[in-house]
Amino acid sequence: MFEKLSDNLNLLMAEARISASELARRTGLPASTIKQIRNRDAPNPTLTTLSILAKYFSLSLSQFVGDEEWPKFRLPGEYHMESDRLNKVPIISWGELSTKNKVEINTTSFVKTENDYDSECFAITIETDALDNIRKGTIIIINPHISPQNRDIIVLKKNDSSPRISRFLIVNNKKYIKNLDLEEEITELTDEYIIFGVIVEYRKTAILFPSLK
């Protein structure tokens, strides 16, 4: 049973793209306990620990430990979020980015997130299946205040061209970008490019709601 429990927890965390330290922060459990379960080093986790983890991932205790099948209607990556802890990030269109050098938030659509971002962060919906590892329909949240680090995914555009998503690279102290929809194209990052921000979150099963204003 413990092997199934460990496999289930690893799968759930991978689907939700959450680390042991972040899961610990959200559930109040010690990160060491979560790591022990993942690595099969805790043969007797307490019932309270298992119940907290099961609730977070929207499963019953029996489903979480592997005694019962998971619900057929379950969405991969689904997990429990307390409504009073959710924040909202405005969703803008790609067209709005195309006509601006700086994002101006003027929208009535938002995506919910349990993470706390400042008021200038924004979200966009991916509209193509051509991007590497980012599926159509995924909502990405962009933070304009983070300086990109090597291999971060960023949103940018060149002069008046259409905005796109690229991987930020540093090679021999020089900055480059690699398009996610092209296998080999790597371009030096020059002053002609405008960086809108770094992608800080992906939401596969987004919870959307309109502004009440």
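Where along the chain is the place of Leu156? The answer comes with the first view below, and all the views show a predicted model.

**View 1. Leu156 sits in strand S5.** The strand spans residues 153–158. Leu156 is buried, and its relative accessible area is 0%. Setting aside residues up to four places away in sequence, look for its contacts with Ser162, Pro163, Arg164 and Ser166, with Ile177 and Leu189, and with the run Tyr193, Ile194, Ile195 and Phe196. Leu97 makes a handy landmark here: 59 residues separate Leu97 from Leu156 along the chain, while their C-alpha atoms are 9.0 Å apart.

**View 2. Helix H2 has a buried side.** Here is H2, residues 20–27, in which Ala20, Leu23, Ala24, Arg26 and Thr27 are buried. These residues lie on the same side of H2 because they cover an arc of only 170 degrees around the axis. Among the elements covering them are helix H1 (2–16), helix H3 (31–38) and helix H4 (47–56). Just past the end of H2, you will find Gly28 with a positive phi of about 85 degrees.

**View 3. H2 crosses H3.** The two axes come within 8 Å of each other and cross at roughly 125 degrees. H2 is therefore oblique to H3. The crossing of H2 past H3 is right-handed. On the H2 side, the residues in contact are Ala20, Ser21, Leu23, Ala24 and Thr27; across from them, H3 offers Ala31, Ile34, Lys35 and Arg38. Sorted by class, this contact has five nonpolar, two polar and two charged residues.

**View 4. H1 packs on H3.** The angle between H1 and H3 is about 115 degrees, and their axes are 8 Å apart. From H1 come Phe2, Leu5, Ser6, Leu9, Asn10 and Met13, which meet Ile34, Gln36, Ile37 and Arg38 of H3. By class, six nonpolar, three polar and one charged residues make up this contact. Ile34 and Arg38 may be familiar from the previous view, where they meet residues of H2.

**View 5. Ser6 is a buried residue of H1.** Zooming in on helix H1, we find Ser6. Is this serine buried or exposed? Ser6 counts as buried, because its relative accessible area is 1% and the cut-off for buried is under 20%. Leaving out residues up to four places away in sequence, Ser6 touches Ile37, Arg38, Asn39 and Arg40.

**View 6. Two arginines have positive phi values.** Most residues other than glycine have a negative phi, so these two loop positions deserve a look. Arg17 belongs to the loop between H1 and H2, and its phi is near 55 degrees. With 47% relative accessibility, Arg17 is partly exposed. Arg151 lies in the loop between strand S4 (139–143) and S5, with a phi near 80 degrees. Arg151 is also partly exposed, at a relative accessible area of 48%.

**View 7. The whole chain gives the setting for the close-ups.** Six helices and ten strands make up its secondary structure elements. Of the 213 residues in the chain, 39% are buried. Among contacts with a separation of 6 or more, 58% join residues 24 or more positions apart.

Technical notes. Residues are numbered from 1 along each chain as its sequence is written. This is a predicted model: local features need pLDDT of at least 70, side-chain atom pairs count only at pLDDT 80 or more; totals for chains, interfaces and linings use all residues. Side-chain values use heavy atoms; hydrogens and water are left out. Buried means under 20% relative accessible area, exposed over 50%, partly exposed in between (1.4 Å probe, protein chains only). Helices (H or I, at least four residues) and strands (E, at least two) are DSSP runs, numbered from the N terminus. The arc is that of the directions from the helix axis to the C-beta atoms. Contact means heavy atoms within 4.5 Å. Axes are lines fitted to C-alpha atoms, for helices over the stretch in contact, and angles run from 0 to 180 degrees between N-to-C directions. Angles under 35 degrees count as roughly parallel, over 145 as roughly antiparallel, 65 to 115 as roughly perpendicular and the rest as oblique. A crossing is left-handed if the near helix is turned anticlockwise from the far one by less than a right angle, and right-handed if clockwise. Ala, Val, Leu, Ile, Met, Phe, Trp, Tyr, Cys and Pro count as nonpolar, Asp, Glu, Lys and Arg as charged, and the others, Gly among them, as polar.
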